[in-house]
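Here are a few notes to read alongside the structure, written for someone meeting it today. Have a look around first, then come back to the points below.

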Number of protein chains: 2
Amino acid sequence: MSISTRFSVGIHILSLLEVNKEGVNTSEFIAKSVNTNPALIRKITGMLRNAGLVNVRPGIAGATLAKELSDITLLDVYQAVNVVQDKELFGIHEQPNPACTVGRNIQDTIGPIFSVAELALEKALGVVTIEDVVKDILEKEKFNNQ
Amino acid sequence: MSISTRFSVGIHILSLLEVNKEGVNTSEFIAKSVNTNPALIRKITGMLRNAGLVNVRPGIAGATLAKELSDITLLDVYQAVNVVQDKELFGIHEQPNPACTVGRNIQDTIGPIFSVAELALEKALGVVTIEDVVKDILEKEKFNNQ
DNA sequence: TTTACATGTAATAATATAAGTTACAGGTTG
DNA sequence: CAACCTGTAACTTATATTATTACATGTAAA
């Protein structure tokens with residue numbers, strides 16, 4: 001199964017806040033860009049707020065970026081939207097047979113291996129910023145308009 | 001959400017085939033070690049067979065390894081059990097608004113980024129073999145018996 | 001202070017996948 | 001043919017995601 005689209009939506013939201021920073025980015029406006037409904041946007045925006053990535057408050061229309069674009073990595077977003085609990089990207093079958101050599105050791109053996117792989121993934125996400133994403137979007141846009 | 005336990009079960013199966021290579025590894029026997037039911041084991045074993053990792057045939061009791069332990073990486077297992085379709089570890093929201101600068105470019109922008117992260121994950125899985133896993137299991141076992 | 005409008009959040013339903021289970025067809029061996 | 005195993009389909013249960021609706025709460029302007 002794939003990792004939740006909350007992650008890509010979160011990236012979309014942050015990018016939009018920058019690209020449309022002159023406008024008022026209400027959950028309804030963002031929802032139209034993402035093509036989903038406002039309640040889901042508010043939920044994800046709330047997660048981004050809890051992670052300190054955006055400013056958004058009850059009653060006040062629109063969300064804004066809370067950090068510099070270059071200070072927000074995709075890893076920040078990934079962790080903010082709780083796509084994966086820490087150290088739980090890979091599911092490990094529960095309760096293997098303790099009466100079996102493999103059964104009683106497999107979890108302790110593959111756990112650390114999975115952690116290494118997970119960290120490799122996170123590292124790759126950590127070197128890309130929303131600034132990089134926005135630049136690429138604007139570059140593609142320029143190319144399309146030629 | 002986590003990646004399916006089919007992956008960890010696949011690793012368990014292959015490790016067990018080595019550790020219990022003197023015995024006959026029927027789906028029922030393996031199921032007891034994994035602590036699940038034989039039908040699921042046969043399903044996963046079938047996937048490992050399709051990937052050329054084990055020998056198993058209708059009517060003949062027991063599965064055996066089809067390759068050297070050191071020639072089977074966790075990436076081979078990962079791909080064999082189809083935990084993730086190629087290039088689809090990360091879900092990307094469908095149909096963002098083409099009338100929006102972000103909406104019409106976001107997919108093409110984050111797709112390649114996600115691929116890089118996915119490859120980093122796969123690379124980490126590719127450097128660990130079932131031989132490494134089995135050695136670690138046996139080492140832990142020795143330590144526990146001291 | 002009342003009205004208009006936005007966010008926060010709960011509740012629900014629809015959908016998808018995983019995992020457990022049962023059943024049985026088909027292959028193999030003695 | 002009998003016993004046993006694998007392959008596989010069908011069904012159930014459990015869980016997570018996503019979409020949707022509804023409404024309480026907060027803010028600001030008239």
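The points below take up the interface between two chains, then a DNA strand, then one residue.

1. Before anything else, please keep in mind that this is a predicted model.

2. Let us start where chain A meets chain B. Here 57 residues of chain A are in contact with 57 residues of chain B. The two chains bury about 4600 Å² between them, and 67% of that area is on carbon and sulfur atoms. On the chain A side, the residues that lose the most area to chain B are Met1(A), His93(A) and Val102(A), which together make up 13% of what that side buries.

3. Polar links also cross this interface. There are two salt bridges between chain A and chain B. In a salt bridge that you can look up, the side chain of Arg104(A) meets that of Glu141(B), at 2.5 Å from N to O. Residue pairs in polar contact across the interface of chain A and chain B, both at pLDDT 80 or more, number 24.

4. Which helices of chain A supply at least two residues each to the side that touches chain B? They are α1 (6-19), α2 (27-34), α4 (74-80), α5 and α6. The most comes from α5(A), which gives twelve residues. Sorted by class, this side of chain A has 31 nonpolar, 17 polar and nine charged residues.

5. Now turn to DNA strand D. It has 24 residues around it, and those that come nearest are Ser4(A), Thr5(A), Thr36(A), Asn37(A) and Arg49(B). Of the atoms of DNA strand D that come within 4 Å of the protein, 70% belong to sugar and phosphate.

6. Some individual distances are worth a look. From a phosphate oxygen of DNA strand D to an N or O atom in the side chain of Thr5(A) is 2.4 Å, and for the side chain of Ser4(A) the corresponding distance is 2.5 Å. Gly59(B) takes part through its backbone: an N or O atom there lies 3.4 Å from a sugar or linking oxygen of the strand. The elements giving two or more residues to the surface near DNA strand D are α3 (38-50) of chain A and α3 (38-50) of chain B. That surface divides into ten nonpolar, nine polar and five charged residues.

7. Finally, is Thr129(A) buried or exposed? Thr129(A) counts as buried because its relative accessible area is 12%, under the 20% cut-off. This residue sits in the loop between α5 (106-126) and α6 (130-144) of chain A. Leaving aside residues up to four places away in sequence, Thr129(A) touches Leu69(A), Ser70(A), Ile72(A) and Thr73(A).

Definitions and conventions: Residues numbered from 1 in each chain as written. Chains lettered and ligands numbered in written order. Heavy atoms only, no water. Near = heavy atom within 4 Å. Polar contact = N/O pair within 3.5 Å; in protein donor to acceptor, adjacent residues only side chain to side chain. Helix = DSSP H or I, 4+ residues; strand = E, 2+ residues; numbered from the N terminus. Nonpolar A, V, L, I, M, F, W, Y, C, P; charged D, E, K, R; others polar. Buried < 20%, exposed > 50% of the residue type's maximum accessible area, 1.4 Å probe, protein only. Contact = heavy atoms within 4.5 Å. Buried area = accessible area lost by both parts, 1.4 Å probe. Salt bridge = Lys/Arg side-chain N within 4 Å of Asp/Glu carboxyl O.
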